[in-house]
Amino acid sequence: MLDQAVGLRGLRKSFGTVEAVAGVDLDIADGEFFAMLGPSGSGKTTVLRMIAGFESPTAGTVELGGRDVTRLAPFERDVNTVFQDYALFPHMNVLQNVEYGLRVKKVPRAARRDRALAALETVRLGGYERRRPAQLSGGQRQRVALARALVNRPRVLLLDEPLGALDLKLREEMQVELKAIQREVGITFLFVTHDQEEALTMSDRVAVFKEGVVEQVGTPAEVYERPATAFVAGFVGTSNLIAGQAARSVLGRDGTFSVRPEKLRVVLDDAPAGPGEHSAGGTVSEVVYAGPATRFVVDLDAGGRLIALQQNQQVSSMDVMGLRGARVRLVWHRQHEFAIT
């Protein structure tokens, strides 16, 4: 691993009798795009605020670049934070907003102007410096907030649900843009989100949070393809769990297993599974047509329910809707099923 940018050791935070963070240990490398993913109330934002210095830990330590900063004030830490609401000054133009932190630090006027203009170029907003925030789109305001944070050249940039206020199309565009900017500037981005697709799309590694603890840390592919727990399997993507009698009947073994919807093949005949495959018969209880793909909800004869995702390469909505109530067989390769705890 590269040099450590952030190190968390035994981090805990209680609010009265509520333990929001229940013992978190994490190492985040220099230059890494790291996502903290979890539902509301899982502790991810509280961890971010403790790294920023906005909250003091009940126990544990926060290290930045190997230095213990647990008791330091926010302005004494080599981090900057970008919030969901942007927090831009409406009475200042774009250049003044970006320069603000440098002005507080008493950076000379010429130097702060040069650095602010360079930061605006980095976020693709060169030429926008005289506009006011009200004259910008949501995506442009988000990039101004990003430039204002980057201009201070922090070791770590903290992003708290920064794309949450954007519409879907703009959010997807900004996901690509943010990742490109992070590669360009080369600093550590620590990104909080509840959006699974966002975390998988943008990050080098993901920490999945549940009730104040980290359930799993890994690359997006590891977390998605090999979830460590039933919670991760269900939260990161669609969960297909095979357990109890269904596991004994279909897989020939006890335990809880999962297979992702896109790994399942829906066949209408009763042909047996091929070498290295498992199959399960059932009835289609629901069909959800979603344009490029269709989700089939199948009640298994052996008990339980699986969801299969099929690309609509050569079929129309009328073709697939006719399968509601049909008898089908789901087939998948054994290498795509995995045991979970």
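Hi everyone. Let me start with a word we'll need: when I say that two elements are in contact, I mean that they have heavy atoms within 4.5 Å. And when I give an angle between a helix and a strand, it runs from 0 to 180 degrees between their N-to-C directions. With that in hand, here is a first look at our structure, which is a predicted model.

Helix 5, residues 168-185, lies across strand 3 (33-37), strand 7 and strand 8. Helix 5 runs at about 155° to strand 8.

So what sheet do those strands belong to? Strands 3, 7 and 8 are among the members of an open sheet of six strands, in the order 6-7-8-3-9-10, with mixed pairing. Which strands stand at the edges of this sheet? They are strand 6 and strand 10 (213-218); each has a single partner strand, so one side of each is left without a neighbour in the sheet. From one strand to the next, the twist averages 20°.

Let's walk along that sheet. Strand 7, residues 156-160, and strand 8, residues 188-193, run parallel and are joined by five bridges. If you'd like one pair to find on your screen, try Asp160, whose bridge partner in strand 8 is Val192. Over at the other end, strand 9 (residues 205-210) pairs with strand 10 in the antiparallel sense, again with five bridges. There, Ala207 stands opposite Val217 in strand 10. Strands 9 and 10 make a hairpin with two residues between the strands, and Glu211 in that hairpin takes a positive phi near 50°.

While we're here, a word on aromatic rings. The structure holds five aromatic pairs. One of them is Phe33 with Phe191: the ring centres are 5.8 Å apart and the planes are at 45°, so this pair counts as tilted. Phe33 sits in strand 3 and Phe191 in strand 8, and with their positions 158 residues apart, the pair links distant parts of the chain.

Now back to the start of the chain. Strand 1 (residues 4-15) and strand 2 (residues 18-29) run antiparallel, joined by nine bridges. How many residues lie between the two strands of this hairpin? There are two, and Gly16 in the turn has a positive phi of about 65°. Phe15 stands opposite Val18 in strand 2, while further along, Leu11 has Val24 as its bridge partner. Strand 1 also pairs with strand 4, residues 59-64, in the antiparallel sense over five bridges. In that pairing, Arg9 stands opposite Thr61.

There's another open sheet, made of three strands in the order 11-12-18 with antiparallel pairing. Its edge strands are strand 11 (241-243) and strand 18 (338-339), and each of them pairs on one side only. Strand 12, residues 256-258, meets strand 18 over two bridges, and Phe257 has Ala339 as its bridge partner there. A helix goes with this sheet as well: helix 9 (residues 244-251) lies across strand 11 and strand 12, at about 90° to strand 11.

Last topic: pockets. The largest pocket holds about 640 Å³ of space. Its lining has 23 residues, and those nearest the centre are Val79, Asn80, Thr81, Gly101 and Asn152. Which element gives the largest share of that lining? It's strand 6, with five residues. You'll remember strand 6 as an edge of the six-stranded sheet. Strand 6 (79-83), helix 2 (94-104) and helix 4 (138-150) each supply at least two residues of this lining. By class, the lining divides into 15 nonpolar, four polar and four charged residues.

The second largest pocket has about 200 Å³ of space. Have a look for its lining residues: Tyr224, Gly237, Thr238, Pro261, Glu262, Arg295, Ile307 and Leu309. Four of these are nonpolar, two polar and two charged.

That's the tour. If you open the model yourself, a nice place to begin is helix 5, lying across strands 3, 7 and 8. Thanks for listening!

Conventions:
Residues numbered from 1 in each chain as written. Predicted model: local features only at pLDDT ≥ 70, side-chain atom pairs only at ≥ 80, totals over all residues. Heavy atoms only, no water. 1 Å grid on protein atoms, 1.4 Å probe; cavity = no way out; pocket = protein on both sides within 12 Å on 5 of 7 lines; lining within 4 Å. Points joined across faces, edges and corners; volume = space filled by probe spheres on them. Helix = DSSP H or I, 4+ residues; strand = E, 2+ residues; numbered from the N terminus. Nonpolar A, V, L, I, M, F, W, Y, C, P; charged D, E, K, R; others polar. Pairing = 2+ DSSP bridges. Phe/Tyr/Trp six-rings, centres within 6.5 Å; stacked < 30°, edge-to-face > 60°.
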